[in-house]
Each structure stands twice: as structure tokens, then as C-alpha cells.
Amino acid sequence: MKNGYRITDAHAHVFPDKIAEKATEGISHFYDLPMQYHGRVAEMLENGTAAGIDHFLVCSPATTVTQVHSINSFLASCAAAYPMCTAFGTLHPYAENVEADFQQLRSLQLRGVKLHPDFQNFPIDDPRAYPMYEMIQSSGLPILMHMGDAKSDFSHPYRLAMILRQFPKLRIIAAHFGGWGQWKEANAILQPDERLRFDTSSSLPFLPPEEIRKLLSHFGAENCFFGVDYPMWDYRKELERFFALELSDSENRAILSENLEAFLDESYS
Ligand SMILES: [Zn+2]
């Protein structure tokens, strides 16, 4: 809790302790950005809780097709060990047997699917990914989709718009306000939609408060989740940036925890 609000980090990356440092270094290198933490679960819980975070949506995309099973088992073990963690699994659209991977993900009771087109090297709207989207759509589980990249257009908002048209029931959280570094494009291309949500992660440090407020009013505060993109940013500073937006009490409550809880509950209805 902070300032009287229950708070969920809707976008946290975790890795098994043994590889956490290396994995985090890889992300730091990919984005040419320094990382605040190392990607270990215990470290996330310690720093997050100290800053006021009550709940964590943890995920980790598989960068190669062979990692899917072990990553999903690891993520499920985090959710099992820590009641304050909800875990999304991962899939890779080019894996040999995406159907078996998805069955495993479901049997582990993971609550959604994290995809990262730029790390995983596929354009969001690649027809080879369609069978995967088909399966996810019929399950009702949401996708947490990384959005936006400076070097490639694999995760460009226009590609997501295409998939939203092709899969009318697919539920998607478009990370980083719909397009990291492509906030203007995301604002122009992505329209509020009952199955589409957005998270604030890795956006607050880059945009002035008035730009953030514009994005929130375009997408609807009721469709946005607070996310920190652990291990990228300092929990305390991200919360300071969020509260500096001076949103209304109900908007704070909704974005900091209630919107995500309602969205995840819908997966079961
Ligand atoms: Zn992410």
C-alpha cells in the first residue's frame, strides 16, 4: 500500500536466480538502458514490497523455442511459492508444437501469455503466429504483448491493430501504452476496445505528465494498469512519477489494482 492504495505491478520480469543477472544484462544491452535491479524474484519482492507494491504480475518471454517449457514451469513455481504473484506464461509462435506448449501452460494454471515480438523475433501479425492466436483466443486467456521498438517494427501498433481485426475475441494488454517510443502512433492507431488494455510500464520516465494524462484519457483510465517493468526501473521512483500525475482518487484505485483484477476475473467468465 502507498498513499492508501493497494498496488499491483502489472508488468514484472523474473528469471531463475542462476541466470537472472545474465538475462537482465541481455535486456539492458538490447535497449541500451541501465537496469535498476537484477531480475531475481526475492529481490523484486523485497524492493517492491518496501516501496508499497502488494501484488506482482510476473512474466518472462521465451527467446528461443526450446525454452518455453522450462520458463513456464519456473513462472508457475513463482505463483505457487508466493501468493502475491500472479504468473503469465510464454509461448513461441515458431515452436514445433505450440499446441502442446499451450496445454502445458494451461495445466500449470498460468493466467495469460506474455509475448515479446522483438526478443522472440516475429512480427505480431505474422500469419505463422495465427494458430497460436487462435488457441489463445478460444481459451479466453489474455496476452501481455510487448509493444514498440526503436530498431524494428515487429511490435508496431499497426501490426497489433491487424491482429485485433483478425481475432475479434482475442484479449490483449498492449504494454508500454501501446508502443514504447511510438506513443503518438499508438494513440493514433489503437482505439479503446473492450478486449484491449494498456500498461504504463517503461513510459512514465520518458513522457511528461501531460502526455501521460493524454494517453490515459484517449485509452480510458478504466483500461490502464500500473506496471513498472521490473527489473528496469526503481519502484519508489515509478510510484512517485505515477502520483505526480495527480489523477483522481477513483482513477488511482482503478489503475493501481482494480482494473487488472477485473480483467483477470473476466478470463474465467
Ligand atoms: Zn515485458
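Helices (H or I, at least four residues) and strands (E, at least two) are, throughout this talk, DSSP runs numbered from the N terminus. With that convention, the span of residues 9–262 is 45% helix and 13% strand, and its end C-alpha atoms lie 15 Å apart. UniProt lists these residues, in an unreviewed entry, as "domain: Amidohydrolase-related"; UniProt positions are given in the numbering used here, feature names are shortened, and annotations may be inferred rather than shown by experiment.

Please keep in mind that this is a predicted model, in which local features need pLDDT of at least 70 and side-chain atom pairs count only at pLDDT 80 or more, while totals for chains, interfaces and linings use all residues. Residues are numbered from 1 along each chain as its sequence is written, and side-chain values use heavy atoms, with hydrogens and water left out.

I begin with the metal site. Which protein donors does the zinc ion have? They are His11 (NE2), His13 (NE2) and Lys114 (NZ), at 2.0 to 2.2 Å from the ion. Donors here are N, O and S atoms within 2.8 Å of the metal (3.2 Å for Na, K and Ca); water is not among the atoms, so sites may look incomplete. Along the chain, the donors follow the spacing H-x1-H-x100-K. Distant parts of the chain are thereby linked: His11 belongs to strand E1 (residues 8–13) and Lys114 to strand E5 (residues 113–115), 103 residues apart. Both His11 and Lys114 are buried, where buried means under 20% relative accessible area, exposed over 50%, and partly exposed in between (1.4 Å probe, protein chains only).

Strand E5 also takes part in an open sheet of six strands, ordered E4-E5-E6-E7-E8-E9 with parallel pairing; two strands pair if DSSP finds at least two bridges between them. At the edges, strand E4 (89–90) and strand E9 (224–225) each pair on one side only. Within the sheet, strand E6 (residues 142–145) runs parallel to strand E7 (residues 171–174), joined by four bridges. One of the residues involved is Pro142, whose bridge partner in E7 is Arg171.

Finally, I turn to helix H1. Which residues of H1 are buried? They are Ala20, Thr24, Ile27 and Tyr31. Seen down the axis of H1, these buried residues fall within an arc of 60 degrees, so they line one face of the helix; the arc is that of the directions from the helix axis to the C-beta atoms. On the other side of H1, Lys18, Lys22, Glu25 and His29 are exposed. Just after H1, Asp32 takes a positive phi of about 55 degrees.
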